[in-house]
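Okay, let's get going. I'd like to walk you through what the coordinates say about packing and pairing in this one, so have the viewer open and follow along.

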Amino acid sequence: DFFRDEGRLRALESPELQRIVDSCLFEPGAWCPDVRKDLPEAIPCDDPSHTATCLGLLVNEILCCPETLVANVTALLDKALDLDTGNYSGSSAQAILYLIRVAVRIEDYMSAVLRCLPSSLAASAAAGGAYPFSCTYLVQGEEGTEGLLQDCRAQLVDMLRSKAHPMLEAWRGKLLDASMLSEVCEVLAHMAYVFQNWDERLDARTRGLAVKTLLTCQVFFTHNFAFELEAAGSDRDGARGATLGEEAERVERVEFYFNMVQRNRAAILSWVDSDESGTAGAVLEDVIALLTSKVKLRASSNQSKARRWASLPAPGFAGRLCPDTELSDFKKMLKSAKRLKEFEVWLQAVTTAAVGTEINVQLGTFTLQSNQTELLDSRFSSAREFQQAVMRGVESSRLQCARISSTEQCEHVRLMFRHDLRFWEPDTRRPAVSLGWSLSSRPEWLAACTSRLPKGVNPSDIRYEYLTGGFCRGQFALNDNLFEVAAFSTFADAHVNVFRVVSYGRRFFRTLLFSSSDLACLHDMMPSLVVTDDGRYETRTGKLNLEGIEQPGPDFGKGLVVIRNLSSELGEQTFMPRAFLEGAIPSALLDDFVFWQGADGRLEGYKSQAAQDRDAGAPLCMLACSLAPDGPPDSTGFCNGRANLVIQRLPAQCHGTGPCAITRPSEGPADTLVDLLHADKGTPLSRVAALFARIESFGYVLAWSRVDTGHPAGVLHSVELPRLRLSFTCSQQDKEYRFLCNEHEGLFLSHRQCPYVERLMAGLPCALLLESAAHELFVLVNAVAKPLRPNQCELFPSALLLDRNDTAWLSNLPVPHYLYPVHICRRFLVMPSLASMLYLLLLRFYARQYAEVFKLALACISDVQLTKEEQQLWDLLEWTNEDKHPDATACRLKISISTSSSRKHMPLAWNDSEEYAKYLGFASVVSADCRLRLEEEEYFLSMLDTPEATHRRVVVDAVL
């Protein structure tokens, strides 16, 4: 009770006072009163009283009244923990650490007494255990002592592990952030000290935490602690040297550390070798994470699916723990090492080259390929591939790695969490045309494709590989660049995509550069309007002119390749950057999935963390992409092999989080992606493709087939429009198949033909007609497409561009589509919101449907601040200034007067007086549907003072 006073408790920070308290509290041996004793007649003696002294007070207290001792110690420790300021540098930190050490030492004494009680000795002897020397003479407890001691010890242990250990963990995290490694070592030593008396009777979670703490402390100490055992010199750094007490304290700390490691090493190895549940593997994975990042030590083992760990299978290698993903390589090496004749070569091969990730419990080291760890170089961490494949699931930027190899062409490092990084220097090779013939007589559809090639491409320079059905592949060279042409015929027209061949990781890949269509391409690029030879406008995307294409730069082929080996089942996988899959896999899948390629060429797509967060609550899925070779293997070395890609979506289950999360297929139906883009003309599939092409580009139209009891083979199961957040299920009703909208219950795609409805949908470039069972009609419009009017040389332009890649536009859309009910009279659409009305107004304006714009302008009013969605639509009205048609001028004036009371929230992009002056000049040719009423003209006449306005004012005044 003396030290319960806060001032006295803080005094325990003094090392001198700590030594005094230790000398009084921890006296060894059994206790007896201070009386004269007879000398023993034989040694060793049979009477334990001969070895008892009046100094063994602690053991006596433990035997006689352990509850009082533990109550006082826990109360004192609890009082000290209340003084915690939250960091190691606090004023009470040293006192807290000292009391933790005192509590652990008392718990150590209690454990020793429990082991030496007659009942414990008898049980140990019956089990064949060791019999401590002379321990029968140490303690003689009364009946019931063992149960009482166990309860008191459990109370003390609970205080240390539930309160003191979490506090120390918080200190460790803050010290790591400040890079105070010496202080981290001291805190970690106390955390390990708390668990120095662990045993296998603990529950699995506590046992795992104990091993995790002990191993982390051991390895961290080995790598970061400066062991100084030299005697102090007579003159060191200008001082007389350390005092005798300081020397003794330093030696005592080192002895304590090695004693703690030694007494627990065998138990840890035994637990790892005997573990069948996978808990040991999870603990070792956590140890790696703790050593290489700033994760919490008490966090659960769910960062990844644990690998199986075991000692290397060779004599003398016990304690060199390695994951099962790397044991096979070591076993192969052992077989090959038997053929080595020189001992030095054999030793190097056995001890270094074949060992990958290793935790050495004997030496207390963590190595990768027998290399020490270091901070990851910024060349690796700043690479785009690293950010996409690794950093999306990593919280810490302080990543550790080990250098595996370094050559003139490639530098190879290994991260702590099962990822290898290979940074390649520029590639001196250049891909060349490997196709050998040109087409002398081209079919009509291929001629149409070549006419749509970008500028700078001479069709006669293209060398083709093969021509089959409606697809043809070709190559041409331009300015030392190799380009590939993919020409294909669709259900509606013929199109061409142009790819540029680049080097990546000493392999050649294709990157999409140009497409002749904004719809018939699996990836959306910036659209542009071009005029064809026959005077028509067509939309092309990507790079329109290859004449000025630069030669491959000095960084050609330079970049980072990310490889991972998460489990023996998956094997080695290479990260596949998105740029190499664009144009081959729909962008809707590339947006949500990260792709890795296995050693067998198989691609697997795993849902990104952003997609998982967005679809929280939905079942997890993954993609399995199988390559079916189509033709002989590539013999050129330039990746010219042909294959067909089959994409399946499988229900999945994820083990862990972060970059080491393992996603594997689970039970459930599998969906197969159907290729709508290349559907044969005239087939039912081509009609489905033409239907959905009305509202979205093919990169964001996913058609799935499913073979189960309700869906026979060859029948579509569903069609998804991910960017619009819409999906349709194919269902057979009344002997016909219908596409039922899942998001709008009761609606399905309609084929109803009505001249009035067709007139309503005219001018809507991205729209579908929906119908209900009661024959109510609805128009579904794509709100993702940002309408743009490109600069054209015509007096009254009508061409329209749709930009689907404006991220700012998309981010302001709460719902990426609009649903307009069709009035029962079929003459007009009902506007559900101001945003939907403004969007329809823009589309009507750009389609030069001025009469419809004039009617819609009456309702485009808001007396509150516009939302971001409404504001971006209102801002686009500025583009209508380029329309010089008299009716367009009348429509702008109608919008002005309709929104005059909302001018604060709806400012105009034109000048009313100037527009009205134009209106007066064109009054004779303004259509009847777009004429202003005289009351409306009176509003504008007050702004204008011209002869024409004066004359018109006289007429208006006379009529009114």
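**Cores, strands and rings**

So, the largest nonpolar core has 80 residues, and within it I100 and W171 are the ones that touch the most other members. Who builds it? Eight helices that each supply at least two residues: α3 (57-64), α4 (66-81), α5 (93-116), α7 (145-177), α8 (181-194), α9 (204-224), α10 (244-274) and α11 (279-292). The largest share is from α5, with 14 residues. And yes, before anyone asks, this is a predicted model.

Let's zoom in on W171. If you skip its neighbours within four places in sequence, W171 is in contact with D84, G86, N87, Y88, A93, I96, L97 and V187. Apart from this core there's another one, of 60 residues, and among its members are L777, W910, Y916 and L941. As general background, nonpolar side chains tend to be buried together in soluble globular proteins.

Staying with the helices for a second, find Q18, which is in helix α2 (residues 15-25). Is Q18 buried or exposed? Its relative accessible area is 10%, and because the cut-off for buried is under 20%, Q18 counts as buried. What does the Q18 side chain pair up with? There's a polar contact of 3.3 Å between the side chains of Q18 and R101. Leaving out residues up to four places away in sequence, Q18 touches L12, E13, Q94, Y98 and R101.

Okay, strands. Scroll along to β2, residues 320-323. Both of its faces are covered: on one side you have R320 and C322, on the other L321 and P323, and all of these are buried. The general picture behind that is that side chains in a regular strand alternate between the two faces of the sheet. Strand β2 has a partner in β1 (residues 309-311), antiparallel, over 3 bridges. If you want a handle on the register, the bridge partner of W309 in β2 is P323. Then β2 also pairs with β3 (residues 357-360), again in the antiparallel sense, over 2 bridges. For the register there, R320 stands opposite N360 in β3.

Further along there's another run of strands. Strand β19 (residues 603-607) pairs with β20 (residues 621-629) in the antiparallel sense over 4 bridges, and E604 stands opposite A624 in β20. On to β20 and β21 (residues 643-655): antiparallel as well, over 9 bridges, with P629 standing opposite A643 in β21.

Cysteines, quickly. How many disulfides are there? The count comes to 0. As for where a couple of the cysteines sit, C625 is buried at a relative accessible area of 0%, and C730 is buried too, at 8%.

Now the aromatics, which I enjoyed looking at. Searching the whole structure gives 16 aromatic pairs. One of them is Y504 with F580, a tilted pair, 5.1 Å centre to centre with 50° between the planes. In sequence these two are 76 residues apart: Y504 is in strand β12 (residues 494-504), while F580 is in the loop between β17 (573-576) and α17 (587-592). Both Y504 and F580 are buried.

F580 has another ring to talk about, F509. That pair is stacked, at 4.7 Å centre to centre and 15° between the planes. Since F509 lies in strand β13 (residues 507-515) and F580 in the loop between β17 and α17, the pair ties together parts that are 71 residues apart in sequence. On accessibility, F509 counts as buried at 11%, and F580 counts as buried at 16%. Elsewhere, Y916, Y919, Y939 and F940 form one aromatic cluster.

Last stop, P454, in the loop between α16 (444-450) and β9 (463-468). Loop or not, P454 counts as buried, at 4% relative accessibility. What does P454 touch? Not counting residues up to four places away in sequence, P454 touches V498, F514, K543, L544, N545 and L546. And here's a long-range one for you: P454 and S515 are 61 residues apart in sequence, yet 8.7 Å apart in space, C-alpha to C-alpha.

That's my tour, thanks everyone.

How values were computed
Residues are numbered from 1 along each chain as its sequence is written. This is a predicted model: local features need pLDDT of at least 70, side-chain atom pairs count only at pLDDT 80 or more; totals for chains, interfaces and linings use all residues. Side-chain values use heavy atoms; hydrogens and water are left out. A nonpolar core is a set of buried Ala, Val, Leu, Ile, Met, Phe, Trp, Tyr and Cys residues joined through side-chain atoms within 4.5 Å. Buried means under 20% relative accessible area, exposed over 50%, partly exposed in between (1.4 Å probe, protein chains only). Contact means heavy atoms within 4.5 Å. A disulfide is a pair of cysteine sulfur atoms within 2.5 Å. Two strands pair if DSSP finds at least two bridges between them. A polar contact is a pair of N or O atoms within 3.5 Å; within protein, one must be able to donate a hydrogen and the other to accept it, and residues adjacent in sequence count only if both atoms are side-chain atoms. Rings of Phe, Tyr and Trp (its six-membered ring) pair if their centres lie within 6.5 Å; planes under 30 degrees apart count as stacked, over 60 as edge-to-face and the rest as tilted.
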